Amino acid sequence: MNDEDGIRCMLMRGGTSKGAFFLAEDLPADPARRDDLLLRLMGSPDVRQIDGLGGGHPLTSKVAVVSRSADPRADVDYLFLQVQVTEALVSARQTCGNILAGVAPFAVERGLVPARGDTTRVRVRIVNGGGVATAHVDTPDGRVNYAGGTFISGAPFPAAPVNLYFEDTQGSTCGSLLPTGSVRDEIAGVEVTCVDNGMPVVLVAAEALGVTGYESPAGLEGDDALRTTLERIRLDAGELMGLGDVRTATVPKMTLVAAPRDGGTICTRTFIPHRVHTSIGVLGAVSVATAVLLEGSVAAEVAAPAVPGDGLRIEHPTGYFDASVEVDRTGPDLRVRRSGVVRTARKLFDGLAWPRRA
């Protein structure tokens, strides 16, 4: 592979994120060489990422690596990589459900999965966690259709829907839905709920930290005392959740919760882990929705009444996120059967990208 020839790449918006999508065969197989190449392609480390494809924010510095799957449950494998903006670091310790929304369209575009009728069903193995997602994509006339009237909060324009259904995501990163073994824990003197239904999340009642939970992302990011406290909780929670030392990791996510104020089920503000998400991640929202159904959790205490299987509306800084969680059992022994969300995706660019010379 010669960097000077360019690397085949598709830039896509997936949900409320943006990332570079690659076929695995177009990148080095060795993880260290691959990560070095991606840092040079994305323009990291640099706060603006001005010399690469990245957008200077964690939500726009993401990568999807896609390949045909050998798993009989799936059509394609999806490896998510978070490229740090200001550090020379690429992390595979979490997945991204928003970028996942672009994986099925990308797989059809690259010929990994043939278009089948007006709607193509693509089964995606999430390499970072091991769960499987099934995506339903509009493919009239044998091509991916990106135009449509579906709006999602956090994306400015409508597009065709991508319906995502998740299975086997309970405990996909930490090994269990409740990684600490408890619905509630006290960390650094604060009551929290640690949950993993596709994304490790630590939920904290906003009022327990002296804020309302309705602040803007900029307002929360400017509160140094709050950020210091949250990071202390996050580091301790990482150990308790079996994630080890998470100082350089992007998980667990920290989510402040408060009572809904716009007709939803619960209000959220999520640190990812140091910047505040302008909306909320897909699997982060699924984990929050799951926590709402957990009797005795921090989330259940402030949420509006919720019923398993019904849509749960997660409020966030730019609107809301609807998720459904189907369960086999309720109460503290809750077991998740399936989760579902609606996202959109759009192809932005397809061609060759040139990395900075090593």
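Colleague: Why is R275 counted as partly exposed?
Modeller: In this predicted model, the relative accessibility of R275 is 35%. Buried would require a value under 20% and exposed a value over 50%, so R275, at 35%, falls in between and counts as partly exposed.

Colleague: What makes the contact of R275 with E221 a salt bridge?
Modeller: The closest approach between the side chains of R275 and E221, taken from N to O, is 3.2 Å. Because the cut-off is 4 Å between a side-chain nitrogen of Lys or Arg and a carboxyl oxygen of Asp or Glu, the pair of R275 and E221 qualifies. R275 sits in the loop between β13 (266-271) and α6, whereas E221 belongs to helix α4 (residues 217-221), so the bridge ties together parts that are 54 residues apart in sequence.

Colleague: How do you know that E4 and R357 are joined by a salt bridge, and which parts of the chain does the pair link?
Modeller: The N to O distance between the side chains of E4 and R357 is 3.2 Å, and since the limit is 4 Å, the pair passes. E4 lies in the segment before β1 (7-14) and R357 in the segment after β16 (335-353), which places the two partners 353 residues apart, in distant parts of the chain. With 48% relative accessibility, E4 is partly exposed, whereas R357, at 61%, is over the 50% limit and therefore counts as exposed.

Colleague: Are R34 and D35 buried or exposed?
Modeller: R34 has a relative accessibility of 13% and D35 has a relative accessible area of 17%; buried means under 20%, so R34 and D35 are called buried. Their closest N and O atoms are 3.0 Å apart, and R34 and D35 form a salt bridge. By the salt-bridge rule the count comes to 20, and E326, D328, R337 and R338 are linked in a network of such bridges.

Colleague: Why does Q84 count as buried, and where is its place in the chain?
Modeller: Q84 has 16% relative accessibility, and because the limit for buried is under 20%, Q84 meets it. Its place is the loop between β4 (76-83) and β5 (90-91). Leaving out residues up to four places away in sequence, Q84 touches S44, Q49, S61, L89, T248 and T250.

Colleague: Which residues are closest to the centre of the largest pocket?
Modeller: The space in the largest pocket is about 560 Å³, and among its 37 lining residues the closest to the centre are P58, Q84, T250, I272 and P273. The elements that each give two or more residues to this lining are β4, α2 (97-100), β12 and α6, with α6 giving the most, three residues. By class, the lining holds 14 nonpolar, 18 polar and five charged residues.

Colleague: How do you know that the peptide bond from I272 to P273 is cis?
Modeller: Omega for the bond from I272 to P273 is near -5 degrees, and P273 is found in the loop between β13 and α6. A second cis peptide bond joins V251 and P252, with omega about 0 degrees; P252 lies in the loop between α5 (224-240) and β12 (253-258). Most peptide bonds, by contrast, are trans.

Colleague: What is phi of D168, and what is phi of A188?
Modeller: Phi of D168 is near 60 degrees and that of A188 is about 55 degrees, positive values in residues that are not glycine. D168 lies in the loop between β8 (161-167) and β9 (185-187), and A188 in the loop between β9 and β10 (190-196). A188 has a relative accessible area of 38%, which is between the 20% and 50% limits, so A188 is partly exposed.

Colleague: Which residues touch the most other members of the largest nonpolar core?
Modeller: Of the 90 residues in that core, V76, Y78, L100, F166, V202, L256 and I266 touch the most other members. Helix α6 (residues 282-292) gives the most to this core, with eight residues. Apart from this core lies another, of 18 residues, among them I7, L38, M42 and A353. Beyond four places in sequence, the contacts of F166 include L100, I126, V132, V282 and L283.

Conventions
Residues are numbered from 1 along each chain as its sequence is written. This is a predicted model: local features need pLDDT of at least 70, side-chain atom pairs count only at pLDDT 80 or more; totals for chains, interfaces and linings use all residues. Side-chain values use heavy atoms; hydrogens and water are left out. Helices (H or I, at least four residues) and strands (E, at least two) are DSSP runs, numbered from the N terminus. Buried means under 20% relative accessible area, exposed over 50%, partly exposed in between (1.4 Å probe, protein chains only). Contact means heavy atoms within 4.5 Å. A nonpolar core is a set of buried Ala, Val, Leu, Ile, Met, Phe, Trp, Tyr and Cys residues joined through side-chain atoms within 4.5 Å. On a 1 Å grid over the protein atoms alone, a cavity is a set of points where a 1.4 Å probe fits but cannot get out, and a pocket is an open set with protein on both sides within 12 Å along at least five of seven lines; lining residues have an atom within 4 Å of a point. Grid points are joined across faces, edges and corners, and a volume is the space filled by probe spheres set on the points. Ala, Val, Leu, Ile, Met, Phe, Trp, Tyr, Cys and Pro count as nonpolar, Asp, Glu, Lys and Arg as charged, and the others, Gly among them, as polar.
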